[in-house]
Every structure is written in structure tokens, then in C-alpha cells.
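Please open the structure in your viewer and keep the sequence panel visible. This tour goes from one selection to the next and says what is there.

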Amino acid sequence: MSKVVLVTGASSGIGKAIAIFLSEKGCIVYGTSRNPKNNQDFSFHLIELDVLQPNSIKNAVAFILEKENRLDVLINNAGVGITGPIEDTPTEEMRNAFNTNFFGAIDVMKAVLPQMRQQETGLILNITSIAGYMGLPFRGIYSSSKGALELATEAIRMEVKSFGVCVVNVAPGDFTTNIAAGRYHTPVFDKSAYKEKYQDNLDLMDAHVAGGMNPKKMAEKVYKIMNTKSPKTHYKVGGFLEKFSIILKRILPDNWYEKLLMNHYKL
Ligand SMILES: NC(=O)c1ccc[n+]([C@@H]2O[C@H](COP(=O)([O-])OP(=O)(O)OC[C@H]3O[C@@H](n4cnc5c(N)ncnc54)[C@H](OP(=O)(O)O)[C@@H]3O)[C@@H](O)[C@H]2O)c1
């Protein structure tokens, strides 16, 4: 039987690549966008969902259940970027990023779990970030929103296991998508104490995303995880150095690791 899959944030980038790939593999895919009418030419169903609007989440899940009577997989992918020195970043913008990347993802899980528990089967993949494994300078709020989702996943995974539901994290490294265009950039204020270093780091971040991997790699990994008998808690999809940086954090003394990061970001 074809799996019924919900992919949030499927209008572009990683979510779109996953939705297309899974449709090609025979899944029944419902991708989402806040403005599905702006995006007509998709090979999968594109429905409205804004993770910041609880009713919109509820309606999207109810729509799928009405059509398909079940929901096998949630790819919890919708997310936004945010950059800036923490001191200069408006707290309201930090809240917005957490509301999307953390509470939004939690709310979508809460909306699908009753059905998955009732079916006694289900798989949830939370798309986090390798940046969620360490506090990255000028991306501290993004790192912490994704790190928080990593930890919440570890917890909920244990809570729902006995109901037949499996929850995993999939952490991408740099992928070439629209994320840089869509993210909130704290302005480089003329009077900021961080002006030059932040500007240099912004340029570096944009270069990393522009030179990132093809989102299809994420789609292939997601499909592989969907076909794994007992999925692990954590998956990372990225370049060698990105993945190695997580291992280094585990094995190096804190101040050595910090020195490495500061050298890399020229701080
Ligand atoms: N690209 C990377 O290098 C990278 C690295 C690590 C992690 N990630 C994570 O991967 C995920 C996908 O990012 P991407 O790079 O593919 O970015 P993207 O191209 O900007 O796509 C983001 C998607 O999220 C949706 N979205 C944004 N805010 C939303 C909201 N409030 N409610 C519902 N949907 C919302 C957007 O849909 P609409 O605008 O159509 O609503 C869009 O489809 C994100 O969680 C991101 O943090 C990306």
C-alpha cells in the first residue's frame, strides 16, 4: 500500500525535493505552503499550512485524513533562518524563529500523533540542522532553535515508542535552497560593536549555502530512513567536515573546540 506522507514547507528547497522524490517513489504526498495558490505546478498535492496558526495545522491534517483515512509519515520540515549578533538581534525576531522552528514543529507533531497512535504505526522525521549541535557565532538563535528540537525529539521518541510511533531527527548541513533569501537578517548596524565581524560572517554563511549540496540528497536519505526497520534517533546529512565537527565537539576539550570554531569564523 502506498504510504501517505505530509511534508511541511514543500514549496521550495529541501521540502520540495523530498515531496517530489517521494511522489516519484509511489507515495501519496501532501506538501504544504502558507500560500499554495502561488505554487500551482507541483507533482504532489500542495495544501495550505502555516505552522504559526494552530487552526491551519488542524485543517491540513483533517483534510488529509478525510481523503486518505490515514497518515503514515510526517516530514516536519518547515523552518526559517535567522542571523545576527545576539546582542543586536530584536528579541521579537528570536521569538518568531523559535515559534516556527521549535513550537511550530511541536504543534505539527501534536496534530498528527492522535491518528498515528490510533493506527498504532507512524514515522515522524524532524528536520533539524547540523548547526543545532553547536552554538554557532551570529547564528546562535538558529542553532538553539534547532538544538531544542533535537532534544525534544529525543524525549518524545521515548514517550510514543510503545504506541508504534517512531520519531527521528534528520540534521542537514549546508544545502542550496532559498533559506538565505527567506531568513531574518539582523541589520549590520553602523554603530554596532560587531559590525565588521558580523558582515564577514554573513558573507561566509551565504557562500556556504550557495555552495551547498543538492537537496535531492536529503530526499534520498529520507526515503532510506522510511525504509529502515528500526530508524536511529539522529541522522546527519552533510559534508565530511560538517559531520566531523560534531565528533570533534564530543572528543575535544571545550576550549580547543571553541578555538577551532573561532579560527574558522575569524573571530
Ligand atoms: N538549506 C540549508 O542549508 C539547511 C541547513 C540546515 C537545516 N535546514 C532546514 O531545512 C528546512 C528546509 O529549509 P530550506 O533550506 O529548504 O529552506 P527554504 O527553501 O526557505 O524552504 C522553507 C520552507 O518552509 C516553509 N515555511 C516557512 N515558514 C513557514 C511557516 N510559518 N509555516 C509553514 N511553512 C513555512 C516555506 O513555505 P512557504 O513560504 O511556501 O509557506 C518553505 O517551503 C528548514 O527547517 C531549515 O531550517 C536547511
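When helix 3 passes helix 4, is the crossing left-handed or right-handed? Select both helices to look: helix 3 covers residues 91–119, and helix 4 covers 140–160. Keep in mind that this is a predicted model. The crossing of helix 3 past helix 4 is right-handed. Their axes come within 9 Å and cross at roughly 20°. Angles under 35 degrees count as roughly parallel, and helix 3 and helix 4 are therefore roughly parallel to each other.

Next, keep helix 3 and add helix 2, residues 54–68. The axes of helix 2 and helix 3 come within 10 Å, with a crossing angle of roughly 30°. Helix 2 and helix 3 are therefore also described as roughly parallel to each other. Helix 2 passes helix 3 in a right-handed crossing.

Now clear the selection and choose helix 1, residues 13–24, together with helix 7, residues 216–226. At what angle do helix 1 and helix 7 pack? The angle is about 55°, and the axes are 8 Å apart. Helix 1 and helix 7 are therefore oblique to each other. Helix 1 passes helix 7 in a right-handed crossing.

Leave helix 1 shown and turn to the ligand. Select the residues around the ligand: there are 28 of them. The closest are S11, S12, S33, Y142 and T177. Sorted by class, this shell holds 12 nonpolar, 12 polar and four charged residues.

Zoom in on the oxygen atoms of the ligand and show the protein backbone. Three places are worth a stop.

- At I14, a backbone N or O atom lies 2.8 Å from an oxygen atom of the ligand.
- At G9, a backbone N or O atom is found 3.1 Å from an oxygen atom of the ligand.
- At N178, a polar backbone atom is 3.3 Å from an oxygen atom of the ligand.

Then show the surface of the ligand. How much of the accessible area that the ligand has on its own does the protein cover? The protein covers 93% of that area, which is 890 Å².

For the last stop, colour the shell by element. Which elements give two or more residues to the shell around the ligand? They are helix 1 and helix 4. Both have been visited on this tour: helix 1 with helix 7, and helix 4 with helix 3.

Technical notes
Residues are numbered from 1 along each chain as its sequence is written. This is a predicted model: local features need pLDDT of at least 70, side-chain atom pairs count only at pLDDT 80 or more; totals for chains, interfaces and linings use all residues. Side-chain values use heavy atoms; hydrogens and water are left out. A residue is near a molecule or strand if one of its heavy atoms lies within 4 Å of it. A polar contact is a pair of N or O atoms within 3.5 Å; within protein, one must be able to donate a hydrogen and the other to accept it, and residues adjacent in sequence count only if both atoms are side-chain atoms. Accessible areas come from the Shrake-Rupley method with a 1.4 Å probe; for residues, only the protein chains shown count as cover. Helices (H or I, at least four residues) and strands (E, at least two) are DSSP runs, numbered from the N terminus. Ala, Val, Leu, Ile, Met, Phe, Trp, Tyr, Cys and Pro count as nonpolar, Asp, Glu, Lys and Arg as charged, and the others, Gly among them, as polar. Axes are lines fitted to C-alpha atoms, for helices over the stretch in contact, and angles run from 0 to 180 degrees between N-to-C directions. Angles under 35 degrees count as roughly parallel, over 145 as roughly antiparallel, 65 to 115 as roughly perpendicular and the rest as oblique. A crossing is left-handed if the near helix is turned anticlockwise from the far one by less than a right angle, and right-handed if clockwise.
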